[in-house]
Amino acid sequence: MNAFVYDRTSPDQPLSAAHDMTPPAIPLLPTVNAFKREDIMSTSSPTNAIPGPGASSSPSSEDVETIRKNRVLSSKLYFDIPITNAPVIYSSSYDIAFFGLEKLHPFDSSKWGRICQFLIKDGILQQSQIVEPLEASNDDLLVVHTESYLSSLTSSSNVSKIIEVPPIALLPHWLVRQKVLYPFRKQVGGTILAAKLAKERGWAINVGGGFHHCCADKGGGFCVYADISLCITFAFMRLDISRVMIIDLDAHQGNGHEMDFGKDRRVYTLDMYNPDIYPFDFKARAYIDQSVKVKSGTSTNVYLKKLDKALEVAGICFKPELIVYNAGTDILDGDPLGELKVSPDGVASRDEKVFRFAKEKNIPLVMLTSGGYMKSSAKVIADSLTNLLNKELIDLATPPLGT
């Protein structure tokens, strides 16, 4: 079995080893992309004031890497969480509401709060158990983002294009900062904190985040900040983690983190997405380690069979120390953007498979809720978390005093 393991942590391994690493017994999916390492290794990396992990070393890159590390080490986003809190992260500040303009985008920007309301109403979670994150500061964001990109967000017009709500361009920046950017920064803080909590507890859920269309120097698709890239970069520097697997099961391709980590052998990406919808980012697709395409109209059974095979391949190809699971619910039947036909029970089964995959391998897992464009998404997510609890894949019980 070890003969088929693709050890991306070893710089001496021939890149072509990735191409034939899947055992014959496993039906081949589009696994490690044949173009990823050999044909585009010479192309320039995404513009970034601080080069991404894995970039070539030079005196100037060493200097900026020191700056990056100092920013991570001085960040306040990691803090100790009492054992009485569950590894569930949320803030009422996540929810976006400003004069009803948020309704001009199909995304349900009150989804995050309603997930928690369902869990609390059903007695699954207590309000006092929820962990409130801090807002990501400018220095925190500069760990991945370029200064020029962050400066561009001072333009209401630029923000309106990223979140796809044109009237936002007419609002003063201070209002956009308060009503749009601040909620996103809080969610970024939640995603970053989730990795620390997952390493301590085995799993953590940020009831938000998953802005997988944003990379170091570009936002889009309702994704303003690259929370996944930031989460992983912080984990590399603060949590003694050296290998991370991204399991992106949102209906849309996760082109943001793919651009940020495309040349980083410490990160393995399994992206299961509909190729017929946004973002059509073919350059980023070339960086995906295991690309699993699910066409419009894919049913629950077909989807789950593809996922089973994909997880089996991923488990053989890469040995992560942390999993970041982007669990978008835009795969639901009826979602206006995802265009797939997965049932609510299918979403619960999907989440169960990923959590079981992580638990059986004893790998800490971070779950992010990502996309989902129907009002029913919040209830589907809450029901899925209840299923995880019933299957003993998560535990939300508050321990007795003194333990």
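Is Cys317 buried or exposed in this structure? Before I answer, please keep in mind that what we have in front of us is a predicted model, and that everything I say this morning is about that model. Cys317 is buried, because its relative accessible area is 1%, and a residue counts as buried when that value is under 20%. Cys231 is buried as well, since its relative accessibility is 0%. While we are talking about cysteines, let me add that a disulfide is a covalent bond between the sulfur atoms of two cysteines, and that the structure holds zero disulfides.

Let me turn now to the sheet. Here we find seven strands in an open sheet, and if you walk across it you meet them in the order β1-β2-β7-β6-β3-β4-β5, with parallel pairing. At the edges stand β1, which covers 88-89, and β5, which covers 290-293, and because each has a single partner strand, one side of each is left without a neighbour in the sheet.

Two helices that pack on this sheet deserve a moment. Helix α10, made of residues 300-317, touches β3 (244-248), β4 (267-273) and β5, and the direction of α10 makes about 170° with that of β4. Helix α11, residues 344-360, also packs on the sheet, where it touches β2, β3, β6 (322-326) and β7, and its direction makes about 175° with that of β6.

I would like to look at β7 in some detail. On one side, strand β7 (residues 365-368) runs parallel to strand β2 (residues 203-206), and four bridges join the two. Within that pairing, Ala204 stands opposite Val366, and Asn206 stands opposite Leu368. Strand β7 also pairs with β6, again in the parallel sense and over four bridges, and there Leu368 is the bridge partner of Asn326. As for the side chains of β7, Leu365 and Met367 point one way while Val366 and Leu368 point the other way, and all of them are buried.

Next comes a helix, namely α5, which spans residues 156-163. Which residues of α5 are buried? They are Ser156, Val159, Ser160, Ile162 and Ile163. These residues lie on the same side of α5, because they cover an arc of only 160° around the axis. What they pack against is a pair of helices, α4 (147-152) and α6 (173-201). Just after α5 comes Glu164, and its phi is positive, near 60°.

The last topic is charged side chains. How many salt bridges does the model contain? The count comes to 16 salt bridges, and I will walk you through a few of them.

One of them is between Arg68 and Glu65, with 3.2 Å from N to O. These two residues are three apart in helix α1 (residues 59-74), which means that about one helical turn separates them. Arg68 is buried, with a relative accessible area of 1%, whereas Glu65 counts as partly exposed because its relative accessibility is 32%.

Another joins Glu321 to Arg243, and here the closest N and O atoms are 3.7 Å apart. This pair links distant parts of the chain, 78 residues apart, for Glu321 sits in the loop between α10 and β6, while Arg243 sits in the loop between α7 (227-238) and β3. Glu321 is partly exposed, at 28% relative accessibility, and Arg243 is partly exposed too, at 21%. That second value is worth a pause, because the cut-off for buried is under 20%, and at 21% Arg243 counts as partly exposed.

A further salt bridge brings together the side chains of Lys295 and Asp276, at 3.6 Å from N to O. Lys295 lies in the loop between β5 and α10, and Asp276 lies in the loop between β4 and α9 (282-285), so this pair ties together parts that are 19 residues apart in sequence. Both residues are partly exposed, Lys295 at 49% relative accessibility and Asp276 with a relative accessible area of 36%.

Finally, there is a network of salt bridges, and the residues linked in it are Asp80, Lys196 and Glu200.

To go back to where we began, Cys317 is buried, and now that you have seen helix α10, residues 300-317, packing on the sheet, you can find both in the structure above. Thank you for listening.

Methods
Residues numbered from 1 in each chain as written. Predicted model: local features only at pLDDT ≥ 70, side-chain atom pairs only at ≥ 80, totals over all residues. Heavy atoms only, no water. Disulfide = S-S within 2.5 Å. Buried < 20%, exposed > 50% of the residue type's maximum accessible area, 1.4 Å probe, protein only. Pairing = 2+ DSSP bridges. Contact = heavy atoms within 4.5 Å. Axes fitted to C-alpha atoms, helices over the stretch in contact; angles between N-to-C directions. Arc of directions from axis to C-beta. Salt bridge = Lys/Arg side-chain N within 4 Å of Asp/Glu carboxyl O.
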